[in-house]
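Biologist: Could you take me through the side-chain contacts in this structure, and say for each term what justifies it?

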Amino acid sequence: MPFEYRAEIVQLLRSPTHAYFGRSKDGPAEVATDLPTSVEIAAHKGIRGDRFFGVKAHTEAAVSFLAVEAWEAVGDVLGVEVPDPSVARRNVVVRGLELDPLRGLEFELDSGDGWIRFRGGRPAHPCAWMDRMVVDGARKALIGRGGLRVEPLSDGILRVGELMVRSPVELDASRAALSVRRAQPI
């Protein structure tokens, strides 16, 4: 792949069940949520131990990514301090990585244990729960910057910390917070 970048994994999230379902006024479900320093990625299945692992309907979107810059931009747009990005329930929170250009493309990540290949899928759209968990208007502010769902194409380990990225297209970290408005399919 012609382009190589340095970025950072700031947080990993793994949860065996969904926390946000039903009516948001009833509050989130009490579920175990792990913020580990590393996760095991299994090709075509996802993150071992996560709610989407091996779920046939989600194999092309088994791992979700969020740029922390996009999360922080929500606070800027709304004039509030946003909570920890774990509230967004994305599996991999990165810093310094523009995600949208990776839709429909294969790319590779290495956080110290070798390269893992992924295929970018559909955007990770925000849900109405963001208004309950962050502040009214958070869902709207996250539209176009809610992240990217991906399919892992090889096995490996992702760790919090420095991240190397190989991409077939040029990426611009300064665009990681921007709201991208375009049709979902690639």
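The conversation below goes through salt bridges, burial and ring pairs in turn.

Modeller: Please keep in mind that this is a predicted model, in which local features need pLDDT of at least 70 and side-chain atom pairs count only at pLDDT 80 or more, while totals for chains, interfaces and linings use all residues. Residues are numbered from 1 along each chain as its sequence is written, and side-chain values use heavy atoms, with hydrogens and water left out.

Biologist: What makes the contact of E98 and R175 a salt bridge?

Modeller: The term requires a side-chain nitrogen of Lys or Arg within 4 Å of a carboxyl oxygen of Asp or Glu. For E98 and R175 the N to O distance is 3.1 Å, so the pair meets that definition. E98 lies in the loop between strand 5 (92-95) and strand 6 (106-110), and R175 in the segment after strand 10 (161-167), so the bridge ties together parts that are 77 residues apart in sequence. Strands here are DSSP runs of E with at least two residues, numbered from the N terminus. The structure holds 14 salt bridges.

Biologist: Why is E98 called buried, and R175 partly exposed?

Modeller: Buried means under 20% relative accessible area, exposed means over 50%, and partly exposed is in between, with a 1.4 Å probe and protein chains only. E98 has 8% and is therefore buried, whereas R175 has 40% and is therefore partly exposed.

Biologist: Which residues are joined into one network by salt bridges that share partners?

Modeller: One of the bridges to consider is that of E151 with R119, whose closest N and O atoms are 2.9 Å apart. E151 lies in strand 8 (residues 148-152) and R119 in strand 7 (residues 116-123), so this pair ties together parts that are 32 residues apart in sequence. Salt bridges with shared partners join E4, E106, E108, R117, R119, E151 and R166 into one network.

Biologist: Why is the pair of F65 and F118 called edge-to-face?

Modeller: Rings of Phe, Tyr and Trp (its six-membered ring) pair if their centres lie within 6.5 Å, and planes under 30 degrees apart count as stacked, over 60 as edge-to-face and the rest as tilted. The centres of F65 and F118 are 5.9 Å apart and their planes stand at 85°, so this pair is edge-to-face. F107 and F118, by contrast, are stacked, with 5.7 Å centre to centre and 20° between the planes. Ring pairs link F65, F107 and F118 into a cluster.

Methods: Helix = DSSP H or I, 4+ residues; strand = E, 2+ residues; numbered from the N terminus.
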